[in-house]
Amino acid sequence: MSDTVDYIVVGAGSAGCVLANRLSEDGAHAVCLLEAGPRDRYPWIHIPIGYGKTMFHKEVNWGYYTDPDPNMLGRRIYWPRGRTLGGSSAINGLIYIRGQRADYDAWAAAGNPGWRWEDCLPYFRRLEDNDLGESPTRGVGGPLSATSIKTPHPLVEAMIEAAAGLGVPRVRDFNTGEQEGAGYYQLTTRNGRRCSTAVAYLRPAEGRPNLRVQTGAHAMAVLFEGRRACGVRYRVDGEVRTLRARREVLLCAGALQSPQLLQLSGVGPAALLRQHGIGVVRDLPGVGENLQDHLQIRLIYETRRPITTNDQLRTLAGRARIGLQWLLFRDGPLAVGINQGGLFCRVDPASATPDTQFHFATLSADMAGGKVHPFSGCTYSVCQLRPSSRGHVRLRSADPFEAPSMQPNYLSTELDRRMAVDAVKYARRLAAAEPLAGLMKREFRPGPEVRDDDEILHFCREYGATIFHPSGTAKMGPADDPLAVVDERLRVRGVAGLRVVDCSVMPTLVSGNTNAPVIMLAERAAEFILQEQSLPATPGAASLEACTRTGEAGATAAR
């Protein structure tokens, strides 16, 4: 392929792999997919429990840290993000959740026509191959496998029965739009292996002559001719290169790096750009603002019986046994990851829909993905589904290789603080309900000495951590929304030839894990783009030099 293509996709993650597949599918368009990380050859990517191995792996994980958060005792929170083909879908916890009907209806009500639950449902059905079978809300035959956990676990079964005693029914499908219930999560696995978007979407497309996949390619800036995106400057193997787009540049770098790349390219809050000597292409105050994330609070219990994954991982014989189980049968703990049990409930009785999610793990560690404890342990991880705290992502400098400033502002509102305390109390009620109570030996963390609301809130500040869902930093919204960055077709407002397709565009966080919703967003974006392909492309390769020259001028105009 030449240095000019029709579509440049920046970031081979949950959305980028989908776009690379769908836009190259008919053979009519040349597509280049740029990924800063390596190919997904690290073996632990493909073993579901390998989540613990990739959590801190510097080759496949960006390993970011937030700025010190004043609401979290000044702590810098570790934020892992995928840096390989498949992006965060290659290193995440594999949980397949869509969110609630009300999430998407709220997007539409906020001035984003076409984003109601009923509008999004056909794309959820299209993307999945669900082993629960086809139904009005489920799909089969799609690229992404949604696989049920086949082997019951005594701790998860006890959790589900205990939840029933608290009025939360047992369910087998969290993805009908209603969500409330307790049960086993479905996972993005296929035959005991991780089914990332690289596996589901990119691998089947890589043989196409009109698709080029460039790994080790760190995007430095989007280039513009006037206010039209015309290409991307990137570095690979120490060499800075320019690639031109005849039609569009599609940013799929995630909620941290997509706004960073917009700001580096002159699209963002004008004062911030000028502060770093970057020429303003389009003043968009919302770029990098509206940052939202799910904060997880993890309660850890020691169990009375050695039935946890801790016990299986603690001895050489145990590790050998579960390793053979996976190698021979693609089954067992290695095939199901860490969090098997799910619970969506109303911690606040006044909530119209579930407001809190539990990830129930049959193991325990000081932090997600860390070394397991030397005792039989399990974890009750709780998170508020719709936090009201808002943070931001902003450039530290004009250096594209320096991580941006990331300030989540966790627990910065009274609502979020109250919900965190109440979620911990609810988790304790669950652990004290039979038959779960009979399996619990002691509360290891926070411990029985932490009782009143102030003590519980301090525990939340001291131990709370991301559950890996940063979103909202290039929000979708109507023209009269001062923080809107993209329109309802995900086009960046005020410029041409540029879209953002990832968690950045969510106006508000979905109620649950974000991987499946992002894949749905990408399926929709691909359809939007192909519907508009009848529009004339930008004039051809003769403009490559002009695109490069204009982009360089824009990047230095204010210096």
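Helices (H or I, at least four residues) and strands (E, at least two) are DSSP runs, numbered from the N terminus. The structure is a predicted model, in which local features need pLDDT of at least 70 and side-chain atom pairs count only at pLDDT 80 or more, while totals for chains, interfaces and linings use all residues. Residues are numbered from 1 along each chain as its sequence is written, and side-chain values use heavy atoms, with hydrogens and water left out.

The largest cavity (a set of points on a 1 Å grid over the protein atoms alone where a 1.4 Å probe fits but cannot get out, lined by residues with an atom within 4 Å of a point) has a volume of about 170 Å³. That volume is the space filled by probe spheres set on the points, which are joined across faces, edges and corners. Of its 17 lining residues, Asp293, Leu295, Gln384, Pro387 and Tyr410 are the closest to the centre. At least two lining residues come from each of β17 (295-303), β20 (377-384) and α11; β20 gives the most, with three.

Helix α11 (residues 414-431) also packs against helix α12 (residues 453-463), at an angle of about 100 degrees and with the axes 9 Å apart. Axes are lines fitted to C-alpha atoms, for helices over the stretch in contact, and angles run from 0 to 180 degrees between N-to-C directions. The two helices are therefore roughly perpendicular, a term for angles of 65 to 115 degrees.

Elsewhere, threonine 188 lies in the loop between β8 (186-187) and β9 (189-190). Threonine 188 is buried (under 20% relative accessible area, 1.4 Å probe, protein chains only), with a value of 1%.

Note on methods. Parallel < 35°, antiparallel > 145°, perpendicular 65-115°, else oblique. Buried < 20%, exposed > 50% of the residue type's maximum accessible area, 1.4 Å probe, protein only. 1 Å grid on protein atoms, 1.4 Å probe; cavity = no way out; pocket = protein on both sides within 12 Å on 5 of 7 lines; lining within 4 Å.
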